[in-house]
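Reader: Hey, can you walk me through this one? I'd like to go strand by strand and then look at a helix.

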Amino acid sequence: VLLLRPPPPPRPLFLLLPPRDVVRQPSDDDVRPILLPRGTAPPVRRRGATRGRRRRRSRRRRLRRERLRRDRFLLLLQADAPRPPPGRNPRDLRRNFPARMGSRLSPPSRRFLREADGSPRPHPRSVRVAPRRRPEGRGGAGALEETDHSTPRPHGGWWYYTRTFEGSSYKTYCRAPKTTESLPVISWDGTKEAPILPGEEAYLDVNELAKDRSYCSVGTVETSPSGKLVAYAVDFSGDEKYELRVRDLEAGEDVALTKVGSDAPLEVDDAVWGGDDDVLYYVTVDEQHRPHRLYRRRGWRGESPEDVLLKEEPDDLYWCEVSKSLDEKYVFFDLASKETSEVWYLSVEDEKGGDPPELKCVAPRRDKVLYEVEHGNGTWIVWTNEGGLPNMKLVSAPAAPDSADDWKLVEDAGGRPIFDGSLAKSLDSVTVLNAHLVAEGREGGIPRIWIYDLASKHVRRLEFEESAYDLGLLAHYEPDAKSVAVSYDSMVTPTSSIEIALDDDSRRTVLKARAVPGYDKDAYGCDRLEVIGRDGKTRIPISVVYRKETMEKVREGERVPVHLYGYGSYGSCVEADFDATRLPLIDRGMIYVVAHVWGGGEMGRQWYEEPDGGKYLCKKNTFDDFVDVARFLADEWTTPDMLSCEGRSAGGLLIGAAMNQDPELFRAAILGVPFVDVAVTMTDATIPLTSGEWDHVPRLSFMRRSEEWGCSSLGLGSECNYVITSTQSSSNYSNATM
């Protein structure tokens, strides 16, 4: 959705568009290139270890469904605000800044984490896309390589990776025999026909599945313990109904699983293998597409398979998912709302008995206590906000049920906690290896990775030369690994996969670097700056990328076009990553800025949660920060007539609020599938996925409020600014945030 402020006299502009990306490459005749082709918001890749990846992949699907259901059509409105007299600074007309009103990252909130290259495990559900086109620009800089591959990752006796081919819309899942412990040198000639590694075999070609079908989306892709089978879920209707199938990789035959006692296809949200090739665990969804039941199927190949319901979560506030520990000894069943979580488990050894295995709880749910669990060496490794901490702390306990009383902080050799949940640094996930813990989190607004030696208790942080960057673990499936692979990029450095030795992080090998034809890194620059907010204290981080000659003009006093992007919701982070689709704008003299405002998670969970973050009644901080950054840019680098802004989904709400707060500050605004009807949507329980964001209002069990937005289900308070106000009588327990 594109909003243009026409030249004076101002006129209202209304556009009604279908909910799809509006993409137009700027031409050389454009005075101001203002339309930026982008992907989903915020633009990040999935990352993490086996179980963490699966958990975050499920939440990415949840977000995608929210975007589809919230915005059927997009309404664009230009306020008919008077322009100031010629020669007068429009910012002089603003009223005094209001005082800052005064944030925690829950597991269901982390929906935007990056994709792990080369995973044999589930990938984000594919969306049919048109063949990618070469962006316009100087010499076609930033063109996308359609024939490419992901970084091969080891699992068992194979290297797993995916391939894409020019003219094809979908991935092909591939593997090659693992003949050495380290990845061999890839001597691929760049053609479709040539294998990436010797002995390559394509075990799942999604393009073949999609042939002669109007729609195809693949969800779960799970190789069996023996490596001879692959379970995958596919949707051919577009209704988010995924049918579970199993492919015999030796015979090349597929078996479509059906419901017990019926010929109807077995529809699932997720699935994992048990301890052998005969057992599958899968999760089904309710009428609102909420994952809620865990089943075990034994003898799936027989005429009379056995299904056992192991666990059901009746509370529609909680979303569920199934996963396995990295050492493949335990199956986990996670139940999580945005503020409370609970983890159940069973040992794969229990499958060998005649009776169904019994699920046990790691720690019973407690209000506003979040925790996640991994297993290693007979120990639970837990990261939790127990105690009302602003960030997650890292604890351990014996692998036993009801272990909360035994949680103890993981300490270094000096007796200091590695992660104590304080404001200094945040913890997002942990990969448990036999001899090391590899933690992902944030410090100083930048994604970080720490390596902890279990024997020496020495902990060190991986360091890189650039001041701001995007960093995350790739997929790992082998607990005895001697190295880790990370994905690294910055706003001027294309993505590369780097292998780092666990015992000496100075030993680094680049496994794969993304090729960007026509791109000259030396011609571009990037900075990480801070803007002081209207309260005089808050330091709002911004990431900036530009052509060096453009910034030279700014230093000489010339004003240039600037495009400002923001999100600021769900505790999600917009990283300082590389995006080739920005280059056509930057090459035409535009500066691209990302504002890391309150409501995101860039500075830790406190940047999101109450009492000072960007959630509930603090949501206004998100809007104020964005406007303050825009005012800084208009004062220092550009003018309102050369300043554009953009946000998608909940970021569309941000743009709408910013335009209402200061309509003369921007010449153009892009709202992608904007979520601008918060109060109406969150009070309508018939809309799918809405109730999953509710929470019980204290002392009134029949009332609920949105865990993200705070809108009560029984009346809206008068503080529902920017979106809608209600004349209904409000309860003292109503808590509207917008």
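Reader: Let's start with valine 395. What is its bridge partner in β25?

Author: Leucine 409 is the bridge partner of Val395 there. Keep in mind that this is a predicted model. The strand on the other side of that pairing from β25 is β24, residues 393–398, and two bridges join them in an antiparallel arrangement.

Reader: And which strands make up the sheet, in what order?

Author: The order is β22-β23-β24-β25, an open sheet of four strands with antiparallel pairing. β22 (371–376) and β25 (408–409) are at the edges with a single partner strand each, so each has one side without a neighbour in the sheet.

Reader: OK, switching to β32. Is it mostly buried or exposed?

Author: Buried: that goes for five of the six residues in β32 (residues 496–501), so the rest of the structure largely encloses the strand.

Reader: How many bridges does β32 make with β31?

Author: Six, and the two strands run antiparallel; β31 covers residues 483–489. One facing pair is alanine 485 with glutamate 499 of β32. The two strands form a hairpin, with six residues between them.

Reader: What about β33, how does that pair with β32?

Author: Antiparallel again, over five bridges, with β33 spanning residues 508–513. Here isoleucine 500 sits opposite arginine 508 of β33. A hairpin of six residues makes the connection from β32 to β33.

Reader: Helix time. Which residues of α3 are buried?

Author: Thr550, Met551 and Val554, in a helix that runs over residues 548–555. They span an arc of only 95° around the axis, which places them on the same side of α3.

Reader: So what covers them?

Author: The cover includes β35 (539–547), β37 (591–595) and α5 (620–636).

Reader: Where does glycine 557 come in, and what is its phi?

Author: Gly557 lies just after α3 and has a positive phi of about 100°.

Reader: Last thing, before I worry about cysteine protonation. How many disulfides are there?

Author: Zero in this structure.

Reader: And Cys526 and Cys573, which category of exposure does each fall in?

Author: Cysteine 526 has a relative accessible area of 22% and counts as partly exposed. Cysteine 573 comes out at 13% and is buried. The cut-off for buried is under 20%, so 13% falls inside the buried class and 22% does not.

Notes:
Residues are numbered from 1 along each chain as its sequence is written. This is a predicted model: local features need pLDDT of at least 70, side-chain atom pairs count only at pLDDT 80 or more; totals for chains, interfaces and linings use all residues. Side-chain values use heavy atoms; hydrogens and water are left out. Buried means under 20% relative accessible area, exposed over 50%, partly exposed in between (1.4 Å probe, protein chains only). Two strands pair if DSSP finds at least two bridges between them. The arc is that of the directions from the helix axis to the C-beta atoms. Contact means heavy atoms within 4.5 Å. A disulfide is a pair of cysteine sulfur atoms within 2.5 Å.
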